[in-house]
Amino acid sequence: AAPPATADAAPREPAAVPMPWTHLALQGVEPDLASLGAALAMLAPRDGIRIALLAPDGQVLLRSGAGTEPEQGVLVVRRAVPGWPLQVAALQAPPATPSVLPFLAVAALALLLLAGFALRWDRRIRATAAAALRDEALRRASLAESTARQRLALGAAGLGCWSWDEAADEVTWDASAAAILGWQPACLARGDALRQRLDPADAPLLQAALEQGRRSGEPTQCTLRLRATPGLPQRWIELRIQAWPGPRGILWHGVIGDATARREAEEAQQRLLHEVDHRARNALAVVQALLRLSRGEPPAGLLPRVEARIAALARAHTLLAQSRWEGADLRRLATAELNRQGPSGQRAQLAGPPVLLSPLAAQPMAMVLHELASNAARHGALAAPGGSLSLTWRWLPEGGLDLAWQETLAVPQPRGRAPAGFGTRILDATIRDQLGGRIAREWRAEGLRCSIGLPAGCLVAAPALLAAE
């Protein structure tokens, strides 16, 4: 506000007033408020500036711009009107303030939209996380199922898993592989730990398998012997390995199995094949000897007798095959030969402990029992009703076996010597020459008595049979 004017001081010009029509020269004019009000009403506001007349107390008396309501404004200039008890002021209306309601509404709408978008985004994130958790659970369940199936398959096959990081020179294995190799489960070892468990003679086989797998990238396998342990049988293992590229070098993964039982079965099969071959050659040699010895018999009965003798060899061969060429049961062998004689053979009585004849002695003894039984059926105790026959055997203190063949005639005959025919030659050649035993025959009044002694080499120690004795 400008200081009040004094009579001895010239009024100062106010600061620059934006509107030139704010200067009023009202000196010497009576204050006619009605005229001034009409004049001011005709002045329209310009650039928001209005002219107002103020009373000495500052009350707004008149304002430019007809029909406008009094309103507050910003004082631009104010000065006293000389000669009048009035003041003139220029007021500039404050800039129009926009309403905040539209802004608040837009802001609220934006917030609602953002909230909705955030809610949808949160739901999408939650759904994605839930789907990821479900996928992870399914993946873990599938992995666990696959691992369980793998363990079941490996356990059924008796296999174990092992791996070798060649760059780090570390070997890992599972419990099955540890049991096969005799290692501690769940621990690490160096690459040479496997070589140390092998028989030194088989180490080149492992090296050759590794080199082949390194070159081809395909699975390779080898069968190796473990280092022998004193007092224990030889053990075999079978390795199947494959090389995989790793971040630092080659990774070897594979399975290991105990091949001891398979190797023993293969060796037993080879021995069995050799034994069958040997037995077949021996049977052919016996048949050839039978044909040579049979040349002295009457031609009329030659063919049936040769066929019967060959059939006896075949029955012994069948018993050996049923026992996998481990031996033939003496009781079964004698029963088969006596049953071949028809109803008369059922009158024979057998008594003795369980005895297992060796494969070498089974076919020759079948031939001996066949000759004794067929002779008893043609000429001895089984040839006429009322006769009987007994075959008993016992173990000898030195380990051999003693057999007693006793025939009992229904009508006793005078004592004499048994006729030395073809059957006698077969008995002597078989027991003495082929089996290394002894034979003695005696023709008594009640019938033939034949005593046969077999050495221990013609018998097999069969615990199951001996325990039943």
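1. Two strands are taken as paired where DSSP finds at least two bridges between them, and the pairings described in this note rest on that criterion. The model under review is a predicted one, and the points below take its two open sheets, then the helices that lie on them, and finally the salt bridges.

2. One open sheet has 5 strands in the order S11-S13-S14-S16-S15, and its pairing is mixed. The edge positions are taken by strand S11 (348-351) and strand S15 (438-444), each of which has a single partner strand, so that one side of each is left without a neighbour in the sheet. From one strand to the next, the twist in this sheet averages 10°.

3. At the S15 end of that order, strand S15 pairs with strand S16 (residues 447-454) in the antiparallel sense, over 7 bridges. Within this pairing, arginine 444 stands opposite glycine 447 in S16. Arginine 444 also takes part in a salt bridge with glutamate 442, the N to O distance between the two side chains being 3.6 Å. Are the two partners of that bridge buried or partly exposed? Glutamate 442 is partly exposed because its relative accessibility is 33%, and arginine 444, at 26%, is likewise partly exposed, given that buried means under 20%.

4. Two helices should be read together with this sheet. Helix H8 (residues 330-339) packs on the sheet by touching S11, strand S13 (388-395) and strand S14 (401-408), and the direction of H8 makes about 175° with that of S11. Helix H9 (residues 359-378), for its part, lies across S13, S14 and S16 and runs at about 15° to S14.

5. H8 and H9 also meet each other: their axes come within 9 Å and cross at roughly 40°, and the crossing is right-handed. On the H8 side the contact is made by Leu330, Leu333, Ala334, Glu337 and Leu338, while H9 contributes Ala362, Met365, Ala366, Leu369, His370 and Ala373. By residue class, this contact divides into 9 nonpolar, 1 polar and 1 charged.

6. The other open sheet described here likewise has 5 strands, in the order S6-S5-S9-S8-S7, but its pairing is antiparallel. Strand S6 (170-173) and strand S7 (220-225) stand at its edges with a single partner strand each, so one side of each of these strands has no neighbour in the sheet. The twist here averages 25° from one strand to the next.

7. Within this antiparallel sheet, strand S5 (residues 159-165) pairs with strand S9 (residues 250-258) over 7 bridges, and in that register the bridge partner of tryptophan 164 is tryptophan 252 in S9. S5 is also joined to S6, again antiparallel, by 4 bridges, with serine 163 having threonine 172 of S6 as its bridge partner. The hairpin of S5 and S6 has 4 residues between the strands, and in it aspartate 169 takes a positive phi near 55°.

8. The edge strand S6 deserves a remark on its two faces. In a regular strand the side chains alternate between the two faces of the sheet. In S6 the covered face carries Val171 and Trp173, whereas Glu170 and Thr172 belong to the uncovered one.

9. Helix H5 (residues 203-216) lies across S5, S7, strand S8 (236-245) and S9, and runs at about 175° to S7. A residue worth inspecting in S7 is threonine 220, whose relative accessible area of 6% is the reason why threonine 220 counts as buried. Leaving aside neighbours within four places in sequence, threonine 220 is in contact with Ala209, Gln212, Gly213, Leu239, Arg240 and Ile241.

10. The structure holds 17 salt bridges, of which a few further examples may be checked. Aspartate 122 and arginine 126 meet through their side chains at 2.7 Å, N to O; both lie in helix H2 (residues 100-157), 4 residues apart, which is about one turn of the helix. Aspartate 122 is partly exposed at a relative accessible area of 32%, whereas arginine 126, at 57%, is exposed.

11. Aspartate 402 and arginine 394 form another salt bridge, in which the closest N and O atoms are 3.9 Å apart, a value to be read against the cut-off of 4 Å. Aspartate 402 counts as buried because its relative accessibility is 12%, while arginine 394, at 47%, counts as partly exposed. Finally, Glu238, Arg262, Arg263 and Glu266 are linked in a network of salt bridges.

Terms used:
Residues are numbered from 1 along each chain as its sequence is written. This is a predicted model: local features need pLDDT of at least 70, side-chain atom pairs count only at pLDDT 80 or more; totals for chains, interfaces and linings use all residues. Side-chain values use heavy atoms; hydrogens and water are left out. Axes are lines fitted to C-alpha atoms, for helices over the stretch in contact, and angles run from 0 to 180 degrees between N-to-C directions. Contact means heavy atoms within 4.5 Å. A crossing is left-handed if the near helix is turned anticlockwise from the far one by less than a right angle, and right-handed if clockwise. Ala, Val, Leu, Ile, Met, Phe, Trp, Tyr, Cys and Pro count as nonpolar, Asp, Glu, Lys and Arg as charged, and the others, Gly among them, as polar. Buried means under 20% relative accessible area, exposed over 50%, partly exposed in between (1.4 Å probe, protein chains only).
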